[in-house]
Amino acid sequence: MSAFVNHEELSILLAGAEKPILLDVRRKDDFETSPEKIVGAEWLDPSLVGEWGDSITQDRPVVVYCVRGGSVSQSVAGKLSSTHPDVRFLQGGITSWTENGGAVEK
């Protein structure tokens, strides 16, 4: 199982000097229904992780999130961790982030 961060830990990481690469990996339908992302995140289709996974830079930590931090983000984190040294998923996903006052953008 991949490592995780909670919303408080992610806030600290995002405020630090070495910000993680933040990837929104919600399923396409979920993203199109609710296109708000955590500030600074990039949406990437989780079903295509085999195509974009190797292009993620190795020099920064990576945090992925989905709607609730379940199977989608955990699966993507697992796949990325086979080639990337520091990948985590957001526990509770964007739902936990927004419920705890985390900033989002369109």
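Lysine 28 is found in helix H2, which covers residues 28-33. In this predicted model, lysine 28 counts as partly exposed, because its relative accessibility is 44% and the class of partly exposed residues lies between the limits of 20% and 50%. Tyrosine 65 is 37 residues away from lysine 28 along the chain, and the C-alpha atoms of the two are separated by 13 Å. Tyrosine 65 leads into the sheet, where this residue stands opposite aspartate 24.

The sheet is open and has five strands in the order E1-E6-E5-E2-E4, with parallel pairing. Its edge strands are E1 (3-5) and E4 (42-43), each of which pairs on one side only.

From the E1 edge, the pairing can be followed inward. E1 runs parallel to strand E6 (residues 87-90), and three bridges join the two. Within this pair, phenylalanine 4 stands opposite phenylalanine 89 in E6, and valine 5 stands opposite leucine 90 in E6. E6 pairs in turn with E5, in the parallel sense and over three bridges. Here valine 62 stands opposite valine 87 of E6, while valine 64 stands opposite phenylalanine 89 of E6. The chain gets from E5 to E6 by way of helix H4 (residues 71-81), and this β-α-β crossover is right-handed. On its other side, E5 pairs with E2 in the parallel sense, over four bridges.

What happens to the side chains on the two faces of E5 and E6? In a regular strand the side chains alternate between the two faces of the sheet. In E5, Val62 and Val64 lie on one side and Val63 and Tyr65 on the other; all are buried, and both faces of the strand are covered. In E6, Val87 and Phe89 point one way and Arg88 and Leu90 the other way, and all of these are buried as well.

Helix H1 (residues 7-15) packs on the sheet. The strands that H1 touches are E1, E2 (21-24), E5 (62-65) and E6, and the direction of the helix makes about 80° with that of E1. At the N-terminal end of H1, asparagine 6 acts as a cap: one of its side-chain oxygens lies 3.0 Å from the backbone nitrogen of glutamate 8.

Which residues of H1 are buried, and which are exposed on the face turned away from them? His7, Leu10 and Leu14 are buried. These residues are on the same side of H1, because the arc that they cover around the axis is only 55°. An α-helix has 3.6 residues a turn, so residues three or four places apart point the same way. The face turned away from the buried side carries Glu8, Ile12 and Ala15, which are exposed. The buried residues of H1 pack against E1, E2, E5 and E6, and also against strand E3 (37-38) and helix H5 (93-99).

After H1 comes the loop to E2, in which glutamate 18 lies. Leaving aside neighbours within four places in sequence, glutamate 18 is in contact with Leu13, Asp59, Arg60 and Pro61. Glutamate 36 is 18 residues from glutamate 18 along the chain, and 24 Å separate their C-alpha atoms.

Helix H4, the connection in the crossover from E5 to E6, contains serine 73. Is serine 73 buried or exposed? Serine 73 is buried, because its relative accessible area is 0% and the cut-off for burial is under 20%. With neighbours within four places in sequence left aside, its contacts are Val25, Val64, Tyr65, Cys66 and Phe89. Among these contacts, Val64 and Tyr65 are on opposite sides of E5, and Phe89 belongs to E6.

At the other edge of the sheet, leucine 44 is found in the loop between E4 and helix H3 (49-52). Its relative accessibility is 14%, so leucine 44 counts as buried. Not counting residues up to four places away in sequence, leucine 44 touches Leu23, Asp24, Val25, Trp52 and Ile56. One of these, Asp24, is the residue that stands opposite tyrosine 65 in E5. Leucine 44 and leucine 80 are 36 residues apart in sequence, and their C-alpha atoms are 13 Å apart in space.

Note on methods:
Residues are numbered from 1 along each chain as its sequence is written. This is a predicted model: local features need pLDDT of at least 70, side-chain atom pairs count only at pLDDT 80 or more; totals for chains, interfaces and linings use all residues. Side-chain values use heavy atoms; hydrogens and water are left out. Two strands pair if DSSP finds at least two bridges between them. Contact means heavy atoms within 4.5 Å. Axes are lines fitted to C-alpha atoms, for helices over the stretch in contact, and angles run from 0 to 180 degrees between N-to-C directions. Buried means under 20% relative accessible area, exposed over 50%, partly exposed in between (1.4 Å probe, protein chains only). A crossover is right-handed if, with the strands pointing away from the viewer, the path from the first strand over the helix to the second runs clockwise. The arc is that of the directions from the helix axis to the C-beta atoms. A polar contact is a pair of N or O atoms within 3.5 Å; within protein, one must be able to donate a hydrogen and the other to accept it, and residues adjacent in sequence count only if both atoms are side-chain atoms.
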